[in-house]
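Dear colleague,

I am passing on the structure below, together with some notes on its make-up. Please read the notes with the coordinates open beside them.

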Amino acid sequence: MAKTPATKKTPTAAAAKKTAAPKVTAAKTPAVAKAPARKTAAARAAVVPPGDRIVAPAVAAAPSIAPAPAPAPAPAPAPAPAPAPALASAPAPERAQSSTQTTDRRHGSPRPPEHPTGEDGRVRAVVDAVMPNVDNGRFPVKRVAGDTVHVVAHCFTDGHDVPRVMLRWRAADQPDSAAHEVPMKLKFNDIWEADFAPPAVGPYIYSVVCWVDSFASWRHEMARRVDPEDIRIAAQVGAIEIAGAAARAAGDDRTMLESWARDIEAAAKVPDGDAHALKALTLDEPLTEIVSRYPDRSLETRYPVDFPLYADRQRANFSTWYELFPRSASPEPGRHGTFKDVETRLPAIAAMGFDVLYLPPIHPIGRVNRKGRNNALVAEPDDVGSPWAIGSAEGGHKSIHPQLGTAEDFRHLVAAAAEAGIEIALDIAFQCAPDHPYVKEHPSWFKWRPDGTVQYAENPPKKYQDIYPFNFESEDWRGLWAELKSVIDHWIGEGVKIFRVDNPHTKAFPFWEWAIGEIKREHPDAIFLAEAFTRPKVMHRLAKVGFTQSYTYFTWRNTKEELEEYFTELSSGLGCEYFRPNVWPNTPDILHEQIQGGEASVYMARLVLAATLAATYGMYGPVYELRNHLPRHHGSEEYLDSEKYQLRTWNHDDPESLAPFIARVNRIRRDNPALHDNRSLRFLPIDNDQLIAYAKASPDGDNVIVTVVNLDPHNVQSGWVGLDAESIGVEPGHEFQMHDLLSNQRFQWQGSHHYVSLDPHSVPAHIFVVRRRSRDERDFDYFQ
């Protein structure tokens with residue numbers, strides 16, 4: 001259909017110490033709740049506002065949603081308060097009015113103030129920030145299984161002592177005790193960093209802990225000491241530290257550390273002993289490494305939030321989509337297409353390099369208020385209607401349009417596509433035709449107007465009389481939620497794991513968070529694409545609540561400035577941790593005015609931009625492939641004779657088809673890992689606003705792709721591209737080869753500025769792969 005425009009804290013040794021500490025008797029004060037402990041995702045879900053109470057899918061079980069008349073699921077109870085610490089916190093209002101010290105009523109002497117968080121006042125390490133995160137852990141960060149997750153934390157302590165920092169990570173269904181620990185390294189300015197790689201698809205948890213390393217702090221000072229007497233005294237302190245580590249160790253490590261502590265203690269007590277030899281003994285590197293394995297972490301600090309992360313499969317991050325209407329797959333004009341007709345198209349679609357075949361709704365189409373050709377309000381008897389007007393006497397969202405085939409035919413199509421390396425993606429459109437069975441069976445799921453009719457879909461001045469939206473404020477919302485989720489469950493049962501969701505922004509956010517979370521608990525490899533051309537914050541919320549990929553504004557970004565600004569935001573802005581763009585140069589609803597001229601140069605340039613700027617892109621296939629470009633009327637972005645309202649027949653043997661060019665571009669995408677992700681994108685300076693240049697690199701830096709596109713569809717454009725050789729791993733002053741994968745031409749470049757010229761009437765773009773060294777005679781056998 002037409003779119004709108006553009007926690008409870010894990011007990012630690014520190015906690016054990018607190019309970020063992022002697023209590024300080026104080027004047028009796030009113031009972032107060034302890035400051036909040038570290039929250040797990042499940043505990044956070046219990047305290048979020050009512051509209052946000054559906055748990056993020058990557059962390060904990062979502063609330064149970066059962067069909068009416070079952071009662072509403074109660075919010076999870078708040079964590080029970082932990083035992084009060086030895087130094088109890090005063091009530092917040094009293095604390096705000098009190099001085100920094102209070103007086104013990106028995107002795108009249110000042111006593112220490114309560115720790116502001118209720119924690120042990122001896123805890124000195126600070127974890128001030130952890131990144132990446134989405135809304136401080138409210139929603140999961142997104143990655144791909146096997147990819148590196150780079151974590152940065154701001155950690156420090158008072159004074160000159162040495163902090164030690166650990167990154168902890170685990171699968172979400174594992175206990176905290178099973179977490180892996182990775183030492184974080186100091187970068188600069190109290191910024192620490194470390195990496196981990198989630199090994200499999202599914203949800204994960206990561207956090208950061210920090211403590212003051214008393215042994216490392218002692219050793220740091222010891223290395224600077226020069227006075228013999230200072231060295232002897234400090235050595236005795238060190239012996240105590242080492243003995244403490246020995247008590248925490250076992251086996252050979254314990255034996256070696258105990259022996260080392262005794263040796264240091266004995267040497268330190270020798271009058272007039274060799275201070276330099278003693279210092280060298282205390283700084284023994286191999287033994288120091290053993291001590292580091294057994295730190296005293298009783299006073300460690302843990303960031304108060306455990307951060308969720310979801311690791312998807314690779315296709316969630318890198319995929320190439322082709323959309324077609326099955327009913328227009330017939331090669332015979334006037335005959336309704338079938339699933340078997342779609343099967344005959346699979347080899348050609350695979351040859352063009354697409355790995356996702358997206359089908360608009362395949363369900364029975366309503367007859368009441370059916371739209372005619374070109375969205376006419378009155379349909380002719382043979383008009384087929386819009387596939388998005390779902391439901392009729394033949395069935396609803398779990399049924400198949402009889403003219404497309406049977407359920408067995410659909411399963412055969414799914415299997416045949418898989419053999420060709422293609423996954424079938426289905427459209428999920430949660431709306432109904434007036435004669436959908438739901439309207440009679442569940443009238444409370446719809447909004448009723450005072451005249452006794454159901455409110456149809458509108459986006460004034462547009463009206464969709466053939467579509468009834470669901471009412472997500474229905475008293476029977478639980479029943480509605482359960483039924484809609486069961487629709488997705490049904491098609492997963494038929495072999496589908498990828499879903500393009502129509503207009504998800506017109507449905508309740510909590511529903512999506514719950515439904516997607518529930519589905520991904522059983523099917524962690526499921527992929528959901530949000531087809532929402534709406535306001536940015538709404539699009540981002542959909543990505544946060546669970547959608548794997550998101551449509552973008554690419555269609556309306558055409559100038560160099562617009563493209564650079566927008567794709568910089570997508571690749572490196574705050575949203576890049578959770579918002580995965582899926583860019584489309586056209587859709588059945590969007591025929592942008594730039595491609596309404598039908599020039600091959602425009603279609604080729606927009607294809608290259610989509611395929612190289614974004615790791616995932618798609619096209620409304622036959623229409624783009626054959627450059628069908630006429631709008632319904634001047635100023636419209638709707639296609640004339642749109643497949644949305646009528647059958648079409650496509651001549652895929654047309655010699656003007658872009659299929660060979662599409663295949664070449666998609667083969668380049670497949671063969672170059674640099675194009676499989678968005679994070680490395682950087683725009684290159686070029687002194688012509690009609691030319692845009694950018695580079696991408698694989699994570700290991702071995703594969704570098706440089707793309708230059710002529711944005712002028714009519715004229716040759718040239719300019720100088722700024723590309724520093726060192727930035728692509730080439731030694732300064734050395735030549736390197738730029739191999740244009742589109743034209744198969746090779747160019748020798750040297751220095752930092754390089755001339756390019758592009759004729760839009762041949763090929764309007766370069767897609768260069770960097771060859772860092774040209775081969776010479778020494779690379780061949782006959783030179784030996």
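**What was found**

In this predicted model, the protein contains 18 helices and 32 strands. Of its 784 residues, 52% are buried, and the protein exposes about 35,100 Å², of which carbon and sulfur atoms supply 54%.

The helix I would look at to begin with is helix 10, which covers residues 407–419. With 13 residues, helix 10 reaches 19 Å from its first C-alpha to its last, close to the 18 Å expected at 1.5 Å a residue. Its buried residues are Asp409, Phe410, Leu413, Val414, Ala416 and Ala417, and because these cover an arc of only 165 degrees around the axis, they lie on the same side of helix 10. The general background is that an α-helix has 3.6 residues a turn, so residues three or four places apart point the same way. The cover over the buried residues of helix 10 includes helix 9 (339–351) and helix 12 (477–493), as well as strand 14 (356–359) and strand 15 (423–428). On the face turned away from that buried side, helix 10 carries the exposed residues Ala418 and Glu419. Glycine 421, which follows helix 10, has a positive phi, near 80 degrees.

A second region is built around strand 9 (residues 191–196), which pairs with strand 5 (residues 149–156) in the antiparallel sense over six bridges. Within that pairing, tryptophan 192 of strand 9 stands opposite alanine 153. Strand 9 also pairs in the antiparallel sense with strand 8 (residues 185–188), in this case over three bridges, and there isoleucine 191 is the bridge partner of phenylalanine 188. Strand 8 and strand 9 form a hairpin with two residues between the strands, and in this hairpin asparagine 189 takes a positive phi near 50 degrees.

The last element I would point out is strand 31 (residues 753–758), whose covered face consists of His754, Val756 and Leu758, while His753, Tyr755 and Ser757 make up the uncovered one. This can be read against the general rule that in a regular strand the side chains alternate between the two faces of the sheet. Strand 31 runs antiparallel to strand 28 (residues 717–722), and six bridges join the two. Histidine 754, on the covered face of strand 31, stands opposite valine 721.

With best wishes

Terms used:
Residues numbered from 1 in each chain as written. Predicted model: local features only at pLDDT ≥ 70, side-chain atom pairs only at ≥ 80, totals over all residues. Heavy atoms only, no water. Helix = DSSP H or I, 4+ residues; strand = E, 2+ residues; numbered from the N terminus. Buried < 20%, exposed > 50% of the residue type's maximum accessible area, 1.4 Å probe, protein only. Areas by Shrake-Rupley, 256 points an atom, 1.4 Å probe, with all protein chains shown as cover. Expected span 1.5 Å × (residues − 1). Arc of directions from axis to C-beta. Contact = heavy atoms within 4.5 Å. Pairing = 2+ DSSP bridges.
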